[in-house]
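Reader: I'd like to go through this one with you and ask how each label was earned. Can you show me the sequence and the model?

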Amino acid sequence: MLVNELTPEQLDLLVARAQGLEIFNSDDGHLYYHPGHNLPPRRWNPTRYWSQGGPIIEHQQIDLNWDTEGTGEWSASIDPDVLSHGSSVLEAAMRAFVTLKFGEQVDI
């Protein structure tokens with residue numbers, strides 16, 4: 001499947017895989033992870049939560065722009081040649097991150 005066709009939930013799963021993060025599905029249908037010793041599980045949603053997606057953007061030095069091609073979407077790029085789009089800045093950035101780690105075509 002093409003990274004640009006992934007749902008936000010599928011993106012979240014692949015971001016976790018790229019980070020080596022152990023996640024699990026809860027009864028409520030969302031992804032969760034264990035943040036540390038003696039802490040309760042927390043929802044994993046880097047396409048929505050800046051506390052999760054923001055550090056990835058900073059670490060990977062992802063360049064973010066609004067509507068550079070007249071698409072009405074955010075674009076995210078990582079040098080030298082990764083470019084992705086999304087309806088939110090976090091979605092675009094996570095698409096770029098997944099593309100960087102796994103390529104434009106991924107298996108779910």
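Author: Sure. Keep in mind that this is a predicted model. Let's begin with the largest pocket, whose volume comes to about 220 Å³.

Reader: Which residues sit closest to the centre of that pocket?

Author: Pro8, Glu9, Asp12, Arg43 and Asn45 are the closest to the centre, out of 14 residues that line the largest pocket. Helix H1 gives the most to this lining, with 3 residues.

Reader: What makes up the lining by class?

Author: The lining of the largest pocket has 6 polar, 5 charged and 3 nonpolar residues. Gly is counted among the polar residues in that scheme.

Reader: On to the helices. Why are H1 and H3 called oblique to each other?

Author: H1 covers residues 8–19 and H3 covers residues 89–102, and the two pack at an angle of about 45 degrees. Under 35 degrees would count as roughly parallel, and 65 to 115 as roughly perpendicular. The angle fits neither range, so H1 and H3 are oblique. Their axes are 9 Å apart, and the crossing of H1 and H3 is left-handed.

Reader: Which residues meet where H1 packs on H3?

Author: From H1 you have Pro8, Leu11, Leu14, Val15, Arg17, Ala18 and Gln19. In H3 they meet Glu91, Met94, Arg95, Phe97, Val98, Lys101 and Phe102. By class, that contact has 9 nonpolar, 4 charged and 1 polar residues.

Reader: And what makes H2 oblique to H3?

Author: H2, residues 50–60, packs with H3 at an angle of about 55 degrees. Since roughly perpendicular runs from 65 to 115 and roughly parallel means under 35, this angle makes H2 oblique to H3. Here the axes are 10 Å apart, and H2 passes H3 in a left-handed crossing.

Reader: Which residues of H2 and H3 touch?

Author: Trp50, Gly53, Gly54, Ile56, Ile57 and Gln60 in H2 meet Val89, Leu90, Ala93, Met94, Phe97, Leu100 and Lys101 in H3. This contact of H2 with H3 has 9 nonpolar, 3 polar and 1 charged residues.

Reader: Let's look at the backbone. Where is there a cis peptide bond?

Author: Between Asp79 and Pro80, with omega at about 10 degrees. Pro80 lies in the loop between strand S5 (74–78) and strand S6 (82–86).

Reader: Which residue has a positive phi although it is not a glycine?

Author: That's Asn38, with phi at about 65 degrees. Asn38 is in the loop between strand S2 (31–33) and strand S3 (42–43).

Definitions and conventions
Residues are numbered from 1 along each chain as its sequence is written. This is a predicted model: local features need pLDDT of at least 70, side-chain atom pairs count only at pLDDT 80 or more; totals for chains, interfaces and linings use all residues. Side-chain values use heavy atoms; hydrogens and water are left out. Axes are lines fitted to C-alpha atoms, for helices over the stretch in contact, and angles run from 0 to 180 degrees between N-to-C directions. Helices (H or I, at least four residues) and strands (E, at least two) are DSSP runs, numbered from the N terminus. Angles under 35 degrees count as roughly parallel, over 145 as roughly antiparallel, 65 to 115 as roughly perpendicular and the rest as oblique. A crossing is left-handed if the near helix is turned anticlockwise from the far one by less than a right angle, and right-handed if clockwise. Contact means heavy atoms within 4.5 Å. On a 1 Å grid over the protein atoms alone, a cavity is a set of points where a 1.4 Å probe fits but cannot get out, and a pocket is an open set with protein on both sides within 12 Å along at least five of seven lines; lining residues have an atom within 4 Å of a point. Grid points are joined across faces, edges and corners, and a volume is the space filled by probe spheres set on the points.
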